[in-house]
Amino acid sequence: MLITSLLLTVLAQTAPTVPVTPADAPATSPGPALPPNLSPAPDRGWIPLFNGENLDGWYPFRQRDGKNNDVQHVFKVENGTIHVLDVPDPATSQPNGYLATNEDFRNYRVRLEYKWGMTKFAVPRHPDGLPRDAGLLYHMTGPDQVWPICVEFQIQEHDTGDVWLLPNNPPNPSANVTVVSTDVAPRGNLTYMEGGTPWVSHGQRIIHSAQYDAMDGWNTVELFVTENNAVHVVNGHVNNTISNLQLPNNAGPMDHGKILLQEENNEVFYRKIEIKPLFVDHFGGPPFKVLLVTDPAAKPEATQPAIAAMQTLGKSTGFTLEAAKDISAFTDDNLKQYQAVAFWGTTGGALNAAQRQAFEKYIRSGGGFVGVNAAQAASDWDWYDQLVGAKIDTTSDGINASGISLNDANHPATSSLPLKWTHKEYVPYFNLDDRAKVHVLATAVDAENPDAPSSNPAAWCHDVDSGRSFFTTIGGAKDDLTNPLVLMHLLGGIMYAAHADGSPLKGAVVLFDGTDTSHWLGKDNATFPWLFHDGVIEPPPAANSRVMVGDIHSKETFDDMQVHVEFKVPGTKSPETRDTNTNEQARGNSGIYLQGHYECQILDSYDHPLEGKNDEGAIYEVKDADVNASLPAEVWQTYDIIFHAPKWQDGKKFSNAHITSYLNGVLVQKDTEVPGMTRSGVPEAPGPGPLTLQDHLNAVQFRKVWVLPLTETK
């Protein structure tokens, strides 16, 4: 029977000591100046924004020359870098400008490396010169202009990480300015300080908390964007955080837009510009395999781009893609090794009766189906039509879409796409199958009638017995396969179909889904004592005299189990603890206690060395994480844990507990033996126990908590 990748590994174990295979995705350079003693985690899920060969996917804008009119060749591609302002006569003033992505993005991480050239150009308004200056701009949705409405991640000598809210008019709540919330430590200027004084900024500069940039050589900057919140990271260190970005004139949240590389009168080099959808960090588990089936009658040049694109996605994310050479792959034994089967530009029409039976069995047993492009057509196989969830209306010509409108903006396949995506695509008209009860993710916008309500489905998903089906019309064109948004869309669909998206597995007990707290009790089985708001639960905020209200625990109890918990640690309220090891346990501390006995540590350990067996990813006071896979404070993180309970006979333990855990999709504990209860846990005893979430005087938030029992739930 086929089931999910994590559970496959668990059930394959004949004893708790059999290790789980870690994700082997190749790492890319994290950049210079990593914090000392920090073991970097493997990188997963990065998609190139810059291909290193040309500026496909970008366009130039300059104050004097306008859009797509780089007459001076200010932006050059050389040896895998973008070389900016390699032009003669530095005494001549150069107009400001930028490179901008063609696409808008939501919910992502983006990173790049930069270094300064030696040439500085004349700046008339500052005859004495300025520090070398550039910028990473984001959330730009308005017209192109020299200072567009957006947010700037400042790249400047000594000041990299500053926030500029553009356009930066004088502070005035009624002015046409961007608004943001942050924490500051007023020292003559608005300087970011984690856990400092709350401040609402109107079109102002927010100075970085500390300097981490180098004047020579390559620097790495990384930007975390979650809806209208952002974190700035310079060479592995957080030095600015902003939240609740709002568009000028109260026009709503500022949560998506183009990404820009600024040119501001200085020679600068950019390279390794990559983007990652946030949902990748919410999958934790061993690598899985996907079988790709293309049209057997098509020429190789027609199918190879799709195969290459899918292989690249797999290599960066942790799944292995195998392209089927022929339909002989459809046997019971062969299909068991795959978490998903993807049909690209083909259908199941070529399968014979035995192969169809094997494929049906595979899906009903928990396998995933991904359909792309022409993977659905009129067929003589009724079950396949139900699997796809729709059938092409052969009486309709379809539409030439000018864009895609999202029906569900939170699904992995759509969470990084703009709500209104300008994307040209021919979309056949589909009649949805009422029997399948499909969930429509996106619809196509008719180019000939763009103001009409969008009703033609472009992407959808649904459950099929224990399996999952994802279908999309997006990605059929050859040019789509280099578009980062298309690749993010396909990656999300694959991870959904493969049960690798963090959503509850079949048979899981959902302890919290953001709607109620009925599965939780407080200390001594008291009524739930924590705060419940906006789809999250958290302990009450710390106060000088606050006494812990106590941990919460599930009403249900478990033996062996697989656990998924999403959490967010707050900014540290005592900033001095960020720069020293003094009282490090005050940094966003909480924990997940398995059976109430064994703690998997939660802590703000980003850009901190792992030591003392008490940092995030540790089994408390038993073993530190193998690598530091923590994300910054105020960014959602994920624990995926496989737990094997101790074994008892006649009240005596003869085998210890074992824990394998993934933090943000990275293996941090590999079949670690836990000799006894950890500190603050309840004493070990035979029998099942609850899942416990710790109150440690820090307002750590939790969402999406579920447990898959590997033995009977009590």
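This passage describes the overall make-up of a predicted protein model and then turns to one helix and two residues within strands.

The secondary structure of the predicted protein comprises seven helices and 44 strands. Of its 714 residues, 60% are buried, and the accessible surface amounts to about 27,800 Å², with carbon and sulfur atoms accounting for 51% of that area. When contacts between residues at least 6 apart in sequence are considered, 71% of them join residues that are at least 24 apart.

Helix 2 covers residues 300-317, and its length can be checked against expectation: at 1.5 Å a residue, its 18 residues should span 26 Å, and the C-alpha atoms at its two ends are 25 Å apart, which agrees. The buried residues of this helix are T303, A306, I307, A309, M310, L313, G314, S316 and T317. These buried residues pack against several other elements, namely strand 1 (47-48), strand 19 (288-294), strand 20 (319-323), strand 21 (340-344) and helix 6 (484-497). After helix 2 comes G318, a residue whose phi is positive, near 120°.

H462 belongs to strand 28, which runs over residues 456-464. This histidine counts as buried because its relative accessibility is 4%, and the cut-off for being buried is under 20%. Its side chain takes part in two polar contacts with backbone oxygens: the side chain of H462 reaches that of Q386 at 3.4 Å, while a polar atom of the same side chain lies 2.8 Å from that of L387. Both Q386 and L387 also appear among the residues that H462 touches once those up to four places away in sequence are set aside, together with V388, G389, A436, K437, V438, R468, S469 and Y496.

S590 is found in strand 36, which consists of residues 590-594. With a relative accessibility of 1%, S590 is likewise counted as buried. The side chain of this serine reaches the backbone oxygen of Q694 at a distance of 2.8 Å. If neighbours within four places in sequence are left aside, S590 is in contact with E599, Q601 and I602, and also with Q694, H696, V700 and F702.

Taken together, the two strand residues can be described in similar terms, since H462 is buried at 4% relative accessibility and S590 is buried at 1%, and in each case the side chain reaches a backbone oxygen, that of Q386 for H462 and that of Q694 for S590.

Conventions: Residues numbered from 1 in each chain as written. Predicted model: local features only at pLDDT ≥ 70, side-chain atom pairs only at ≥ 80, totals over all residues. Heavy atoms only, no water. Helix = DSSP H or I, 4+ residues; strand = E, 2+ residues; numbered from the N terminus. Buried < 20%, exposed > 50% of the residue type's maximum accessible area, 1.4 Å probe, protein only. Contact = heavy atoms within 4.5 Å. Areas by Shrake-Rupley, 256 points an atom, 1.4 Å probe, with all protein chains shown as cover. Polar contact = N/O pair within 3.5 Å; in protein donor to acceptor, adjacent residues only side chain to side chain. Expected span 1.5 Å × (residues − 1).
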